[in-house]
Amino acid sequence: MIRKAAETLRSASERRRTSLCSSSTPPSLDFSSKASNEKGLCAPFSSSFAVSTFCLHLSPAMEINLPGICNMTSDLPRIQNHDASRFSCSSVDAKAAKRAKLEPFGGLVLCSAGKIRSCAVVRCSTSQENCLRPKPQPRPKKPVVEDVAPGSNSANASGLCSQIEKLAFLKMYSEALELFEIYTSKRRLVAADASTYDALISACIGLKSTRALNSVFQHMIDAGFEMDQYMWNRLLVMHVKCGMMKDARRLFDEMSERNLVSWSIMISGLVDEGSYGEAFDLFLLLWEEESDASPRIFSTIIRAAAGLGFTLTGMQLHSCVVKLGVTDNIFVACSLIDMYSKCGCIEEAQCIFDELPEKTIVAWNAIIAGYALHGYSEEALDMYYEMQGANVKMDQFTYSIFFRVCARLGSVELAKQAHAGLIRNGFRSDIVASTSLVDMYCKWGRMEDARNVFDKMPQKNLISWNALIGGYGNHGMGDEAVKMYERMSKDGMVPDHVTYLAVLGACSHSGLFEKGREIFESMCQDPKRSPRAMHYACMIELFGREGLLDEAFALIKNAPFSPTRNMWAALLTACRVHKNLELGKFAVEKLFGLEPEKLSNYIVLLNIYNSSGRTEEVANVHNALKSKGIRLREACSWIEIKKQQHKFLFGDKLHPQKVQIYEKLDALMDEIVKLGYIPDEKTLLPDVTEDEQRMLTYHSEKLAIAFGLMSTTNFTPLQIVQGHRICNDCHTVIKLFTLLTKREIVVRDSSRFHHFRCGNCSCGDYW
């Protein structure tokens, strides 16, 4: 019976193949006929499928398989319309089918239970090569809008509204608003559906367009659209997200009915805007009316307490959430951690973090950022490692915080490892994390790495540009800083006061007098960019570097505000370098009036008197320090070798390798004497004692450099960090060290970076 059915089907397929190849209007293939079902040869196929290949397999087990079906929806109209010119069929005999390895189509695999006894294959294709091609993906097309004649029925209008909703769903907001303009021009005072207005509100929020907002809102009012509570809240969100807080507050006050969502939207908008006081007033009004608040509202108002730095208020809010039993809410808990961290109560923040039943990435970020904010970099690093041990996946904010911690600790190697993780986890394009990475590399002199990260950023904001320009300036690369400033202006980015501070600082550090003066004068000519005190300080330093002390002093006198300590300090530095005793004494007296307890002011004055041979004045300064109880602290320098920090004091005898270090340093000093080195004993080292000054050979930075030279391979750059300003003698010695060893040495002191290469320093001997 089965063999007879197989022969019948084989002869039918031969006849159909002959008919398809000879006829100009081939009939459509249909294997869902009643006769086929009655014989049990195949099951009915769906109308959305067409047969592309079918095979009859006769196995020893007498099994019949017909699996060759693929999705050919796009070809059905041509099959049904008998378009022979665009649809062709061909046959493949059993041997060819056996030789060909038929690939599975539509998730079905051609198979047989045993040896193929006979096979009939029909291959259909829409190409001249008679081969199957995948179904092409449709490209999104701009909807065709039909003209809506006045007086026509509402069918066209509803279709237009439907298209607006679809465009808004696809985030094609501009196109959706264009269709809305067409809708309003044809049907001016006919209200749309609530779903259409909801889609238009999403478009206004997405584009942050106040013009579109006013158009949509006015049409809703003019058309007499009746709004429920949901639509009122959506309108409120639209005004808040578009930055129209005054209109949002007016709308909020005019609402006849408000729920907790309405209060939450308004309070959140005020907090995001920075109007913390107004947000508190609104929260108190809510508490009077409702005596209740959602966890989201508590989370928002706790952020306001953090913004104002009100620790006591934050504690009262903490008590409220404890009484209401919402401390387990992750948003409330994270807000409390952030509030206590910003208010300096890091122990309370740690207690809340420890009590969390489930620690999310937001909670980890909040506690790590809290430690980093207050200078607890080691503790922040420990929390970071604990988070990794808990198998919590880092996000872009975690990387941003970690890069700031690395910048503070000077752990460039750890930052490089995190940089690799940033790329591996797909956060390279994140602007916040990438900007933090640029800033970290800039702070530690890795300008090539910083520029590489900057150039690969798909989007850059003003903070990114400022970080790179400031990095170039701090490292004495003023020309590069000016080039980046000019490129930023050409790219349409508007500079702010931080940008001008960075580029003016770069000009002052590199001695680009004319360029710095040009930028400063352009600021003075524009009322919107009037120079601030810090910009004046940069220009005073620039004048002082050129030896134009009278011009620098005149700039201070003619400033439109009271001179600040930075301005007088810049003038005092110029007087120290050019040995102008009288003007320097006048500047330091002004500084004593502004900062009577600051040690560095006394140190600079000591250097001025000592270099001028005024021993009596030097003694008077020492007596003044003793009477005020101000002590000169010991200088300290650090160097990182193989991811381990090594600390050195002057004349340090505590290091395990002290014998080898002193032998190395003595040998280096003997070598540079042959190069013409003469010790400078006239200047005092800032922030150190006189005993250390007498031990010029064994200053802390010299010991750190000697240890670095003996602990690293040749041509490895060294990086030293110290909390005091480098003295003249050490500055000269390090220049000679680079000339002798062919090494690059970077010293970061209290004032700036010093890049020593081939006997020169990036500061140009002015610091």
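This is a chat between a trainee and a mentor about a predicted model.

Trainee: Which residues does the UniProt annotation "repeat: PPR" cover?
Mentor: The unreviewed UniProt entry gives residues 193–227, 228–262, 360–394, 395–429, 430–460, 461–495 and 496–530.

Trainee: Take 193–227. How far apart are the end C-alpha atoms, and what is the helix content?
Mentor: The ends of 193–227 lie 11 Å apart. The span is 77% helix and 0% strand.

Trainee: And for 395–429?
Mentor: There the end C-alpha atoms are 12 Å apart. Helix makes up 77% of that span and strand 0%.

Trainee: Let's pick one helix. Which residues of α10 are buried?
Mentor: Helix α10 runs over residues 245–254, and M245, A248, L251 and F252 are buried in it.

Trainee: Why do they sit on the same side of α10?
Mentor: Because they cover an arc of only 120° around the axis. In general, an α-helix has 3.6 residues a turn, so residues three or four places apart point the same way.

Trainee: What is exposed on the other side of α10?
Mentor: K246 and E254 are exposed there.

Trainee: Which helices do the buried residues of α10 pack against?
Mentor: They pack against α8 (210–222), α9 (229–241), α11 (260–273) and α12 (276–290).

Trainee: Now the nonpolar cores. How many residues has the largest one?
Mentor: It has 172 residues. Those with the most contacts inside it are Y197, I267, I301, V438, L468 and L571.

Trainee: What does L468 touch?
Mentor: Leaving out residues up to four places away in sequence, L468 touches V438, C442, M447, A450, R451, F454 and M484.
Mentor: Apart from that largest core lies another, of 31 residues. Y677, C727, V733 and I734 are among them.

Trainee: On to the sheet. What is the strand order?
Mentor: It is an open sheet of 6 strands, in the order β6-β5-β7-β8-β9-β10, with mixed pairing. The edge strands are β6 and β10 (760–761), each pairing on one side only.

Trainee: Do β5 and β6 run parallel or antiparallel?
Mentor: Antiparallel, with 6 bridges joining β5 (residues 636–641) to β6 (residues 644–649). W638 has K647 as its bridge partner in β6. The hairpin has 2 residues between the strands, and K642 takes a positive phi near 55° there.

Trainee: And β7 with β8, parallel or antiparallel?
Mentor: Parallel: 4 bridges join β7 (residues 718–722) to β8 (residues 745–748). L718 stands opposite I745 in β8.

Trainee: Which strands does α35 touch?
Mentor: Helix α35 (residues 700–711) packs on the sheet and touches β5, β6, β7 and β8. Its direction makes about 15° with that of β5. Helix α36 (residues 728–741) also packs on the sheet, touching β8, β9 (753–757) and β10. The direction of α36 makes about 40° with that of β9.

Trainee: Back to backbone angles. What is phi for K742?
Mentor: It is near 60°, a positive value in a residue other than glycine. K742 lies in the loop between α36 and β8. It is exposed, with a relative accessible area of 59%.

Trainee: And where is K171?
Mentor: In the loop between α5 (154–169) and α6 (173–186). K171 has a positive phi of about 60° although it is not a glycine.

Trainee: Why does K171 count as exposed?
Mentor: Because its relative accessibility is 62%, and the cut-off for exposed is over 50%.

Trainee: Last one, K598. Where is it?
Mentor: K598 is in the loop between α30 (581–594) and α31 (599–611). At 33% relative accessibility, K598 counts as partly exposed. The C-alpha atoms of K598 and I630 are separated by 8.8 Å, and the two are 32 residues apart along the chain.

How values were computed
Residues numbered from 1 in each chain as written. Predicted model: local features only at pLDDT ≥ 70, side-chain atom pairs only at ≥ 80, totals over all residues. Heavy atoms only, no water. UniProt positions renumbered as here; feature names shortened; annotations may be inferred. Pairing = 2+ DSSP bridges. Core = buried A, V, L, I, M, F, W, Y, C linked by side-chain atoms within 4.5 Å. Buried < 20%, exposed > 50% of the residue type's maximum accessible area, 1.4 Å probe, protein only. Contact = heavy atoms within 4.5 Å. Axes fitted to C-alpha atoms, helices over the stretch in contact; angles between N-to-C directions. Arc of directions from axis to C-beta.
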